[in-house]
Amino acid sequence: HDRAGLVGMANLGRPNTNASQFYITTADRHLDYLDDTHTIFGEVSEGLETIQKINDGFTDESGCPLKTIRIKHTIVLEDPFPDPRGLERLLRRSPSPSEWYGDGDNAVSSSSGSEAGEMDDELLAEVLAARKKESQERLLQLLGDVGEDMAPPDNVLFVCKLNSVTQDEDLELIFSRFGRINSCEIIRDKPTGDSLCYGFIEFETREACELAYKKMENVLIDDRRIHVDFSQSVAKLWQKFNRD
């Protein structure tokens, strides 16, 4: 494992544990901890510039990318093995790359509407944001966090990927330049009191919340690039309702 672009089998570090997962090395240096443990079975022959872009991406302390990196489409150039009988009835053709737009988890299929190809970047971003919000609301309904007749607050900002050393008052001080803050809370583990590295900031006005959302995405706080989004949770509203 001495260069970028090598394809190897991911396993559990023990003999006979190879399965269907594989990895592609992105670092152009010797990764000696992979030697004698993982089997190399291929090498990237074209598109090494893509490998370099992946390697240049920002990651957290564990090496996980801060933005989703996804293989959207694959093409099998040569399959030397015969297909099992009946396989064609179980699988359908995957979409061509030209049929997909978007970034990361927000991919949009052009088959969902012919007008998608005519959207400008701003309109497409609005459509993606609306679909993301809708999917989040459905998930929270399934989890019992949002009732069908209860909308999430529009003045609460969700902040995650925080450094564990960041305190409530630090976060409040940084975000207070956008407007008056009613409450700022970093969620903590109840038994230990350790930060779970995410929190909620409630602004006095929706306008202040929107301004913070536009300005604070991917900003560096305590050596961590944070992610901000509008809160889709109404857990606090449920708690108030239960107390009343």
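The chain comprises 6 helices and 11 strands. The model described here is a predicted one. Of the 244 residues of the chain, 26% are classed as buried. Among contacts in the chain with a separation of 6 or more, 59% join residues that lie 24 or more positions apart.

The largest nonpolar core contains 18 residues, and those with the most contacts inside this core are Leu171, Phe175, Ile201, Phe203 and Ile226. Two or more residues are contributed to this core by each of strand 6 (156-160), helix 4 (168-175), strand 7 (181-188), strand 8 (195-203) and helix 5 (206-216). Helix 5 supplies the largest share of this core, 4 residues. The surroundings of leucine 171 were examined in particular. When neighbours within four places in sequence are left aside, leucine 171 is in contact with Leu162, Thr166, Cys184, Ile186, Ile201 and Ile221.

One of these partners of leucine 171, Ile186, is located in strand 7. Isoleucine 186 has a relative accessible area of 3% and is therefore buried, the limit being under 20%. Apart from neighbours within four places in sequence, isoleucine 186 is in contact with Leu162, Thr166, Gln167, Asp168, Leu171, Ser195, Tyr198 and Gly199. Cysteine 197 is separated from isoleucine 186 by 11 residues in sequence, and the C-alpha to C-alpha distance between these two residues is 7.1 Å.

Aromatic side chains were considered next. The count of aromatic pairs comes to 5. In one of them, phenylalanine 158 and phenylalanine 200 are arranged in a tilted manner, with 5.6 Å from centre to centre and 50° between the planes. This pair links distant parts of the chain, since phenylalanine 158 belongs to strand 6 and phenylalanine 200 to strand 8, 42 residues apart. Phenylalanine 158 has a relative accessible area of 22% and is partly exposed. Phe158 and Phe200 are also linked with Tyr198 into a cluster through ring pairs.

A further pair is formed by phenylalanine 175 and phenylalanine 178, whose ring centres are 6.3 Å apart; the planes meet at 55°, so this pair is likewise tilted. Both partners are buried: phenylalanine 175 has 0% relative accessibility, and phenylalanine 178 has a relative accessible area of 10%. Phe175 is also among the residues with the most contacts inside the largest nonpolar core. In addition to the ring pairs, a charged side chain is placed against an aromatic ring: arginine 225 lies over the face of phenylalanine 58, at 4.7 Å from the ring centre.

The second largest pocket encloses about 1200 Å³ of space. Its lining is made up of 31 residues, of which Phe22, Ile24, Ile51, Ile54 and Ile71 are the closest to the centre of the pocket. Strand 2, strand 3 and helix 1 (48-55) are the elements that give two or more residues to the lining. Helix 1 gives the most to this lining, with 5 residues.

Glutamine 52 is also placed in helix 1. The relative accessible area of glutamine 52 is 40%, and this residue is partly exposed. Glutamine 52 and aspartate 28 are 24 residues apart in sequence, whereas their C-alpha atoms are 8.9 Å apart in space.

Backbone geometry was examined at two aspartates. Aspartate 36, although not a glycine, has a positive phi of about 65°. This residue is found in the loop between strand 2 (22-24) and strand 3 (40-43), and both of these strands contribute to the lining of the second largest pocket. With 85% relative accessibility, aspartate 36 is counted as exposed. Aspartate 223 is another residue other than glycine with a positive phi, in this case near 65°. Its place is in the loop between strand 9 (220-221) and strand 10 (224-225). Aspartate 223 has a relative accessible area of 63% and is exposed.

Definitions and conventions: Residues numbered from 1 in each chain as written. Predicted model: local features only at pLDDT ≥ 70, side-chain atom pairs only at ≥ 80, totals over all residues. Heavy atoms only, no water. Core = buried A, V, L, I, M, F, W, Y, C linked by side-chain atoms within 4.5 Å. Buried < 20%, exposed > 50% of the residue type's maximum accessible area, 1.4 Å probe, protein only. Contact = heavy atoms within 4.5 Å. Phe/Tyr/Trp six-rings, centres within 6.5 Å; stacked < 30°, edge-to-face > 60°. Lys NZ or Arg CZ within 6 Å of the ring centre and 35° of its normal. 1 Å grid on protein atoms, 1.4 Å probe; cavity = no way out; pocket = protein on both sides within 12 Å on 5 of 7 lines; lining within 4 Å. Points joined across faces, edges and corners; volume = space filled by probe spheres on them.
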